[in-house]
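Here are my notes on the model you sent over. I've gone through it point by point, starting with the overall fold and then moving to the parts that caught my eye.

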Amino acid sequence: MATYDLEQQEQLDQFKHFWKQYGNLITWVLVLALGAYAAWSYYLYWQQQRGTAAAALYEELDRAALTGNADKVAQIFGDMKDKYAGATFTEQGALLAAKVEVDNKKVDEGKATLQWLVSGGKNANLVAVARLRLAGLQMDAKQYDEALKTLSGDLPADFVPLADDRRGDILMAQGKKEEAAKAYLAAWKGVDATVEYRRFIESKLTALGQPPAPLRSKVAPEGAGAAAGMPPGLAPTN
């Protein structure tokens with residue numbers, strides 16, 4: 001029994017020595033780990049609350065947009081930017097607010113709203129839509145260099161052909177037909193053949209005299225078979 005008590009005492013002394021040497025370190029590691037977990041949990045909760053609040057403001061923004069009240073839309077969107085910048089609903093709100101502003105002839109305000117999204121948006125798809133719309137407004141204002149610069153940013157793959165098509169429009173407006181044709185061709189190649197929009201791009205290329213696909217050949221006139229390399233037995237005789 002005495003031997004057992006002695007072993008227990010030795011183990012206790014070893015633990016005391018270990019804790020004296022490493023106890024503070026272990027305590028701080030635990031405090032930091034628990035603090036990080038608490039902070040992450042709070043961050044998730046905070047994000048959820050922000051998302052809910054931003055969604056509520058977006059609904060209010062949508063109702064104002066339906067009435068076409070540009071001043072009310074600007075006020076609500078201003079609140080969204082101030083309180084919930086970076087939230088997806090706020091970035092969606094930027095597209096809606098810009099549309100209302102442009103529809104109400106407040107083009108400069110609309111461009112500023114789209115530029116806000118282009119400059120600081122986190123949702124790549126929404127930023128891409130903003131780039132295309134902003135470039136279109138800049139093209140209409142004959143701000144061609146600015147429009148091309150707007151389109152030069154990184155875009156998700158699905159939006160690249162649309163940017164190429166818009167770039168072709170801008171180059172055409174500048175009278176740069178050859179460069180426009182190259183942009184249209186890149187757009188045409190990037191759009192799936194089953195998408196109807198591809199035919200619209202093709203019509204632009206055709207109007208420039210550079211259709212992307214060969215036209216269906218007409219029936220060869222008599223006497224043209226040999227020149228076209230037809231087999232001797234099928235070539236017409238003189």
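1. First, the basics. This is a predicted model, so please read everything below in that light. The protein has nine helices and zero strands, and along the sequence that reads α-α-α-α-α-α-α-α-α. Of its 238 residues, 30% are buried. Counting contacts between residues at least 6 apart in sequence, 46% join residues at least 24 apart.

2. Let's begin with α2. This helix has 15 residues and spans 20 Å from its first C-alpha to its last, close to the 21 Å expected at 1.5 Å a residue. At its start, a side-chain oxygen of Asn69 comes within 3.3 Å of the backbone nitrogen of Asp71. The buried residues of α2 are Ala70, Val73, Ile76, Phe77, Gly78, Met80 and Tyr84. Just past the helix sits Gly86, with a positive phi of about 100 degrees. Gly86 turns up again in the next point, as one of the residues that Glu91 touches.

3. Glu91 is the residue I'd look at on screen. It belongs to helix α3, residues 88-103. What is the nearest side chain of opposite charge to Glu91, and how far away is it? It is Lys122, at 6.7 Å, and Glu91 is buried without any salt bridge. A salt bridge here needs a nitrogen–oxygen pair within 4 Å, so Lys122 at 6.7 Å doesn't make one with Glu91.

4. What the Glu91 side chain does have is backbone company. One of its polar atoms lies 2.7 Å from the backbone nitrogen of Lys122, and the side chain also reaches the backbone nitrogen of Asn123, at 3.0 Å. Leaving out residues up to four places away in sequence, Glu91 touches Gly86, Leu117, Gly120, Gly121, Lys122, Asn123 and Leu126.

5. Leu117 and Gly120 from that list fall within α4, residues 107-120. Helix α4 has 14 residues and reaches 20 Å from first C-alpha to last, close to the 20 Å expected at 1.5 Å a residue. Which residues of α4 are buried? They are Gly110, Lys111, Thr113, Leu114, Leu117 and Val118. These residues sit on the same side of α4, because they cover an arc of only 160 degrees around the axis. That side packs against α2 (70-84), α3 and α5 (124-140), while Asp108 and Ser119 are exposed on the other side.

6. Now the charge pairs. The model has seven salt bridges by the usual distance rule. One of them joins the side chains of Lys99 and Asp103, 2.8 Å from N to O. Lys99 and Asp103 are four residues apart in helix α3, so about one helical turn separates them. In general, an α-helix has 3.6 residues a turn, so residues three or four places apart point the same way. Lys99 counts as partly exposed at 47% relative accessibility, and Asp103 is partly exposed too, at 48%.

7. Helix α7 (residues 160-173) deserves its own point. It has 14 residues and reaches 20 Å from its first C-alpha to its last, close to the 20 Å expected at 1.5 Å a residue. Its buried residues are Pro161, Ala163, Asp164, Asp165, Gly168, Asp169, Ile170 and Leu171. Their cover includes α5, α6 (144-151), α8 (177-190) and α9 (197-207). Just after α7, Gly175 takes a positive phi of about 80 degrees.

8. Within α7, Arg167 forms a salt bridge with Asp164, with the closest N and O atoms 2.7 Å apart. The two are three residues apart, about one turn of the helix. Are they buried or exposed? Arg167 is partly exposed at 21% relative accessibility, whereas Asp164 counts as buried at 14%.

9. Lastly, Asp165 of α7 makes a salt bridge with Lys204, 3.0 Å from N to O. This pair links distant parts of the chain, with Lys204 in helix α9 and Asp165 in helix α7, 39 residues apart. Both Lys204 and Asp165 are buried. Asp169 joins in as well: Asp165, Asp169 and Lys204 are linked in a network of salt bridges. Set that beside Glu91, which is buried yet has no salt bridge.

Conventions. Residues are numbered from 1 along each chain as its sequence is written. This is a predicted model: local features need pLDDT of at least 70, side-chain atom pairs count only at pLDDT 80 or more; totals for chains, interfaces and linings use all residues. Side-chain values use heavy atoms; hydrogens and water are left out. Buried means under 20% relative accessible area, exposed over 50%, partly exposed in between (1.4 Å probe, protein chains only). Lys and Arg count as positive and Asp and Glu as negative; His and the chain ends are not counted. A polar contact is a pair of N or O atoms within 3.5 Å; within protein, one must be able to donate a hydrogen and the other to accept it, and residues adjacent in sequence count only if both atoms are side-chain atoms. Contact means heavy atoms within 4.5 Å. The expected span of a helix is 1.5 Å times one less than its number of residues. The arc is that of the directions from the helix axis to the C-beta atoms.
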